[in-house]
Structures are given as C-alpha cells and as structure tokens.
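Happy to talk through how the labels on this structure are earned. Have a look at it before we begin.

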Amino acid sequence: MVETREDVEDMLSPVANDGHSAERGAALFGIHCVACHGSDGRGGGKVSEKMPPAPDLRHISICRRTDGFIYGTITAGGRAMPSLREGLSTRDRWDLVSFVRELQSAGCEGSAAGMGSATEPDGAGTDTGEADGTGPDTAGSEAGTVAPDAATTGDAQ
Ligand code: HEC
C-alpha cells in the first residue's frame, strides 16, 4: 500500500515504454487528469479555477521527478492533488507515467534557477523540505564532492 509518494520514489516502471503504454496513458489522462491539468498537460484545467492550480506537467521541477514519484503522486496524491488510486489499476497508473514522460519529451519548461519564481506553479516545487535529493540544487552541490551517489537519486540501490 502506497501511503505517500516518497514511499515509491525509487520504484522503476514495470511497463515497457514502447509508445503503447503512453497511448493508453493518454486516454486515461483525458478521463482523469484533464479537468485539472488541462488537455495538453499544461495546467489551467477547469477545476483549477476553484482549487490550487494544477501545474504544467512539463515544468522542469516535474521533469526532474523520478517515475516512481509521479506514480506515487497519482497513487497517493500530492499536497493538493487528490489520490487517484480508485478506479485505476497499477498498470493504468504506470501508463499515465509513460504519458507524462511523453509530454515532457517535447521539452521541459522553466529553469532550475527560475524555480520558486512566478513561473513556478503552486505546490509543484521540489524545495519543500522533502529532502528527497531530486532538487537540482541538492544534486548539483553534492555531485563530485562528499557524496557522489547522492546525485543519482532515482536509480540509487
Ligand atoms: C483535482 C485536480 C487534479 C487532478 C484530477 C489531477 N491533478 Fe495532478 N496535481 C494537481 C495539483 C493541484 C498539483 C500540484 C500540487 C500537488 O503536488 O499536489 C498536481 C501535481 C501533479 C504532479 C506533480 C507532482 C510533483 O510535485 O512533482 C504530477 C506529475 C501530476 N499532478 C500528475 C497528474 C496525473 C497523471 C493526473 C491524472 C491521473 C492528475 N495529476 C490529476 C491537481 C490535480
């Protein structure tokens, strides 16, 4: 049982990202995510007018998340995003991760330096004291110094 997204941050997708998975994910995205994240994943879906705005999924801070973290967000919810576990199989959720990755493959937006600026969507930051090591600052400053493996976060172990 996934309680929080940090629990599964290091998990690797069991689904081959062969295009087919992203295709299934796209269909599921249209049903489960569009209301908040918008039809192209750029945020600003209808529901976002009434609750904390859902971020552009191409934002650099989200591009830097591990697959497992995105899977965990869908499964257990985020700070403002509800858990969408219900009605979505494990496979469905990994297909959604594949689709998010496909969206991001078109190019990520924002810059690490701009994180926390006006372009930073509420709540999508990595700088929330989670100390998860996925933040660009953590990875950058530790690489090559004291803890070389701290920079490899996603696939450590
Ligand atoms: C009810 C509105 C809502 C729905 C539905 C929703 N989201 Fe979100 N999502 C949010 C909000 C708000 C945030 C930013 C705050 C947070 O992390 O909770 C977010 C954040 C995210 C993040 C970034 C997490 C991070 O911190 O890096 C990802 C990835 C994501 N959503 C994917 C999805 C996917 C995939 C779906 C569909 C399965 C989905 N969301 C459905 C509102 C929503």
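What follows is a short set of questions and answers on a predicted model.

Q: How do you know that the end-to-end distance of helix H1 agrees with its number of residues?
A: H1 covers residues 20–32, which is 13 residues, and at 1.5 Å a residue it should span 18 Å. Its end C-alpha atoms are 18 Å apart, so the two values agree.

Q: Which residues of H1 are buried, and why are they said to line one face?
A: Ser21, Ala22, Gly25 and Phe29 are the buried ones. Seen down the axis of H1, the buried residues fall within an arc of 85°, so they line one face of the helix. His20, Gly30 and Ile31 are exposed on the other side.

Q: What covers the buried residues of H1?
A: The cover includes helix H2 (34–37) and helix H5 (90–105).

Q: Why is H1 called roughly perpendicular to H5?
A: Their axes come within 7 Å and cross at roughly 100°. Angles of 65 to 115 degrees count as roughly perpendicular, so H1 and H5 earn that label. Among the residues making the contact are Gly25 and Phe29 of H1, with Leu96 and Phe99 of H5.

Q: Which members of the largest nonpolar core touch the most other members?
A: Of its 18 residues, these are Ile70, Tyr71, Leu96, Val97, Phe99 and Val100. H1, helix H4 (67–76) and H5 each give two or more residues to this core, and H5 gives the most, with six. Leucine 96 touches Gly25, Leu28, Phe29 and Ile74, leaving aside residues up to four places away in sequence.

How values were computed:
Residues numbered from 1 in each chain as written. Predicted model: local features only at pLDDT ≥ 70, side-chain atom pairs only at ≥ 80, totals over all residues. Helix = DSSP H or I, 4+ residues; strand = E, 2+ residues; numbered from the N terminus. Expected span 1.5 Å × (residues − 1). Buried ≥ 20, exposed ≤ 12 C-beta atoms within 10 Å, placed from the backbone. Arc of directions from axis to C-beta. Contact = placed C-beta atoms within 7 Å. Core = buried A, V, L, I, M, F, W, Y, C linked by C-beta atoms within 7 Å. Axes fitted to C-alpha atoms, helices over the stretch in contact; angles between N-to-C directions. Parallel < 35°, antiparallel > 145°, perpendicular 65-115°, else oblique.
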